[in-house]
Amino acid sequence: MYQSISFYIGTDTLVLNDHTFRLGDITTEVLNIAPEEYERMKQLLDEAEVKLHLYRHTKQLDDWRDANKLYIQLDDMLCSRQVFRLLKLEPCILQDAEMLFIEMDQTKLEGFDYPPRYDLIFPGNLNDKWIAYERHCKVYGDILDDIFSFNYTIQRFLYFYLSRLKKLDPENYAAALYSFLYEGPTEKLVANPFGGSGLYSNADPMTMRFVPRLIDPDGEEYQIYEYYEVQNLQTLLKMDFYRGLKVGHVIRRCEFCKRYFLMTKGYHTKYCDQPNPMDPKHTCAQLGYRQTGMKEAAKDDPMKQSLFRCYQRLTKDVSRGNLTSEQREKLYETAVNLQFDARRNPEVSFEEFDTMLSTANLCALCGIERKAGKVGRPKRGEENHDQRRTAPQILRRA
């Protein structure tokens, strides 16, 4: 699978094999490995290791062949997740092994006395290839150990600590993490060998340096990234998760579909904005509140909060003279209509909706030219009377 993992971390993104993720995206994907899926992968690994053990003692090629088929199934299950496809950078030794077995069978069948292809799996004789193969397969065990230890620990942190915070911001995330690691019943919640629940390591070896690189390969803006090279999957996941908390990204669990999802803003929303697995035409947010017959409070509704911030921006523009009151009302009416449509479209995420409500996008949709130039807080006496409209009044309109 891999011998080491290298990646970059920017302000709020992680770059793995030239693919850019929001901090927390990779963690969310791994947390969503269901227990039954993990158990099946662990079963395949255990059966494969038994076959490898037999080959060490019998030197019967069929034992190695059977083990390889099990590893291929395990590899396919892991690579159904994008992160593991990206980590699989080297040529596939498992497929090379299949070709090696075919060539060895053909050699015996035709009676020729020549070695199989020199470069399959690893250059050298059969013993050299076996050593390289064992080293490659050991990584699969390390991956499953890290998945179990990380998920065991972080899922408990999310449930017992982060999900119970009243205010969601980086300072409270850090305080919750401190309590989780150093003040709470750590031996029960953090994976450790004493409790028989794996190993969530306290320290991780890594190589780190600073690298300037383009933010967008097709753009012209540069940023100084932190470059890391690590040996374990767990280290990558910790960096992704903890750095995400530091910039305000938090992972929540949908109360409808039970999947984990990433929020880049501190909402207490109960349901995710992803298409529901059983009813892809609707999001869990749409189905969840329809089923319970409840409406989410304004402070917990990402779309209402985006609409509220949109009105605040428009009101500031009126105070600065960049828009008239009439233009603001037209733009806000368009924003409300966009919210109406977005709530019924399972393909529109909370973040995409927030982007749709940018002033530039609304002006383009309404054919309004916004004046530029005035920035900063308006002087006393220049405030527009409408600016003093309270948040509840604005949200009731939505």
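**Notebook: helix packing and loops in a predicted model**

I began with helices α2 and α6, whose axes come within 11 Å and cross at roughly 155°. That angle makes α2 roughly antiparallel to α6, since angles over 145 degrees count as such. I noted the handedness as well: α2 passes α6 in a left-handed crossing. I record here that the model is predicted.

**Entry: α2 and α3**

I next looked up the pairing of α2, residues 35-58, with α3, residues 61-78. The two axes come within 8 Å and cross at roughly 160°. I therefore entered α2 and α3 as roughly antiparallel to each other. The crossing in which α2 passes α3 is left-handed. I then asked which kinds of residue make up the contact of α2 with α3. The residues of that contact divide into 15 nonpolar, 7 charged and 2 polar.

The loop between α2 and α3 holds Lys59. I checked its backbone and found phi of Lys59 near 60°, a positive value in a residue other than glycine.

**Entry: α5, α6 and the loop between them**

I turned to the loop between α5 (93-110) and α6 (126-160), where Ile121 is found. Phi of Ile121 is near 65°, again positive in a residue other than glycine. Is Ile121 buried or exposed? I found a relative accessible area of 10%, which means that Ile121 is buried, the cut-off for buried being under 20%.

Within helix α5 I looked up Leu100. Its relative accessibility is 0%, so Leu100 counts as buried. I also compared the position of Leu100 with that of Leu120: they are 20 residues apart in sequence, and their C-alpha atoms are 6.5 Å apart in space.

**Entry: α7**

I examined helix α7, which spans residues 170-183 and has 14 residues. From its first C-alpha to its last, α7 reaches 19 Å, close to the 20 Å expected at 1.5 Å a residue. Which residues of α7 are buried? I listed Tyr173, Ala176, Leu177 and Phe180. Seen down the axis of α7, these buried residues fall within an arc of 100°, so they line one face of the helix. I set beside this a general point: an α-helix has 3.6 residues a turn, so residues three or four places apart point the same way. On the face of α7 turned away from its buried side, I found the exposed residues Glu171, Tyr182 and Glu183.

**Entry: the loop between β4 and β5**

I located Asp216 in the loop between β4 (206-214) and β5 (222-230). The relative accessible area of Asp216 is 41%, so I entered the residue as partly exposed. How many residues apart in sequence are Asp216 and Thr20? I found a separation of 196 residues in sequence, with 9.3 Å in space from C-alpha to C-alpha.

**Entry: α11 and α12**

I closed with helix α11, residues 302-320, and helix α12, residues 325-342. They pack at an angle of about 165°, with their axes 10 Å apart. That makes α11 roughly antiparallel to α12. The crossing in which α11 passes α12 is right-handed.

I then took α11 by itself. This helix has 19 residues and reaches 27 Å from its first C-alpha to its last, close to the 27 Å expected at 1.5 Å a residue. I found 15 of the 19 residues of α11 buried, so the helix is largely enclosed by the rest of the structure. What follows α11 in the chain? I found Gly321 there, with a positive phi near 85°.

How values were computed:
Residues are numbered from 1 along each chain as its sequence is written. This is a predicted model: local features need pLDDT of at least 70, side-chain atom pairs count only at pLDDT 80 or more; totals for chains, interfaces and linings use all residues. Side-chain values use heavy atoms; hydrogens and water are left out. Axes are lines fitted to C-alpha atoms, for helices over the stretch in contact, and angles run from 0 to 180 degrees between N-to-C directions. Helices (H or I, at least four residues) and strands (E, at least two) are DSSP runs, numbered from the N terminus. Angles under 35 degrees count as roughly parallel, over 145 as roughly antiparallel, 65 to 115 as roughly perpendicular and the rest as oblique. A crossing is left-handed if the near helix is turned anticlockwise from the far one by less than a right angle, and right-handed if clockwise. Ala, Val, Leu, Ile, Met, Phe, Trp, Tyr, Cys and Pro count as nonpolar, Asp, Glu, Lys and Arg as charged, and the others, Gly among them, as polar. The expected span of a helix is 1.5 Å times one less than its number of residues. Buried means under 20% relative accessible area, exposed over 50%, partly exposed in between (1.4 Å probe, protein chains only). The arc is that of the directions from the helix axis to the C-beta atoms.
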